Amino acid sequence: MAVIPGTKPTRAVLISLKKRIKVAQTGHSLLKMKRDGLMIEFFEVLNQARTIRQELVEDFIKAQQSLNMAKATEGALAIKSVAFALQKEPAVELESRNIMGVVVPKITADSVQKQMFERGYGIIGTSAAIDEAAEAYESLVDKIITAAEVETALIKLVEDIDATKRRVNALEFKVIPDIHDTVRFIGFALEEMERDNLVKLKMLKGKAQRAEKAAEAEAKKAALEGSGTEPLGPGSGKSEGFPKTEAA
């Protein structure tokens with residue numbers, strides 16, 4: 001029996017522990033519901049992460065192929081010149097959203113995928129290969145931002161699921177059983193105290209009755225002595241109910 005250290009076996013503590021059991025059981029039920037909800041959200045986000053990861057790899061391969069084609073067509077120097085012509089960099093905003101009590105990031109980006117005239121380089125001096133490479137890398141950057149959001153949410157969910165599982169197990173296998181054991185211990189202690197008190201009361205009652213009988217006997221004896229008569233007894237020399245007669 002695992003009793004909570006420092007617990008005093010009193011009725012007030014017993015009532016308090018019974019309330020704690022109800023609170024712990026309610027918390028345990030809510031945490032189990034939260035854990036189950038987080039598991040459902042986790043598998044949904046996991047499926048998204050797998051899909052996005054696969055698309056990210058495909059977009060990366062496509063972007064590399066487009067870049068290699070542009071280098072082969074225009075040359076590495078022309079590619080660097082086009083890269084330096086970028087005038088407006090993508091703006092990334094970081095917000096947050098709540099999933100079953102878990103705060104996960106929400107990443108939004110502006111000006112990632114641009115129109116041809118928004119990229120900063122001249123349309124006449126470049127070929128379609130450079131346009132395809134730029135478009136492929138813009139799509140790749142957009143996919144990277146989405147993957148970062150989803151995978152970060154996945155990590156947050158895993159951490160919170162693990163913490164929730166630990167709380168559920170602690171309540172189920174440690175806190176609630178210890179409170180139950182302590183309640184039983186206090187119940188046994190209070191019953192033992194009641195039995196001890198009952199025995200003491202019986203002893204006091206018997207002692208009081210004996211003292212009362214002794215006082216009554218003393219009172220009778222004092223009353224007889226005060227009236228000048230002696231109590232009749234087997235050695236008193238007198239017989240009750242027969243008058244004394246003289247011998248003829």
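These are my notes from a look through a predicted model.

**Core.** I started with the largest nonpolar core, which holds 19 residues. L154 and L157 have the most contacts inside it. Then I asked which elements give two or more residues to this core. They turn out to be helix 1 (11–74), strand 2 (102–110) and helix 3 (128–227).

**L154.** I picked L154 to follow up, as one of the two residues with the most contacts inside the core. I skipped its neighbours within four places in sequence, and that left F42, V45, L46 and A49 in contact with L154.

**T164.** Next I went to T164, which sits in helix 3. Is T164 buried or exposed? Its relative accessibility is 0%, so I put it down as buried, the cut-off being under 20%. Where does the side chain of T164 reach? I found it 2.7 Å from the backbone oxygen of D160. With neighbours within four places in sequence set aside, I have L31, K34, R35 and L38 in contact with T164.

**Strands.** Last, I checked how strand 1 (residues 91–99) goes with strand 2. The two run antiparallel, and I noted nine bridges joining them. Looking across from L94, I found I107 of strand 2 standing opposite. Strand 1 and strand 2 form a hairpin with two residues between the strands. I looked up phi for M100 in this hairpin: the value is positive, near 55°. A reminder to myself for reading this part: side chains in a regular strand alternate between the two faces of the sheet.

How values were computed. Residues numbered from 1 in each chain as written. Predicted model: local features only at pLDDT ≥ 70, side-chain atom pairs only at ≥ 80, totals over all residues. Heavy atoms only, no water. Core = buried A, V, L, I, M, F, W, Y, C linked by side-chain atoms within 4.5 Å. Buried < 20%, exposed > 50% of the residue type's maximum accessible area, 1.4 Å probe, protein only. Helix = DSSP H or I, 4+ residues; strand = E, 2+ residues; numbered from the N terminus. Contact = heavy atoms within 4.5 Å. Polar contact = N/O pair within 3.5 Å; in protein donor to acceptor, adjacent residues only side chain to side chain. Pairing = 2+ DSSP bridges.
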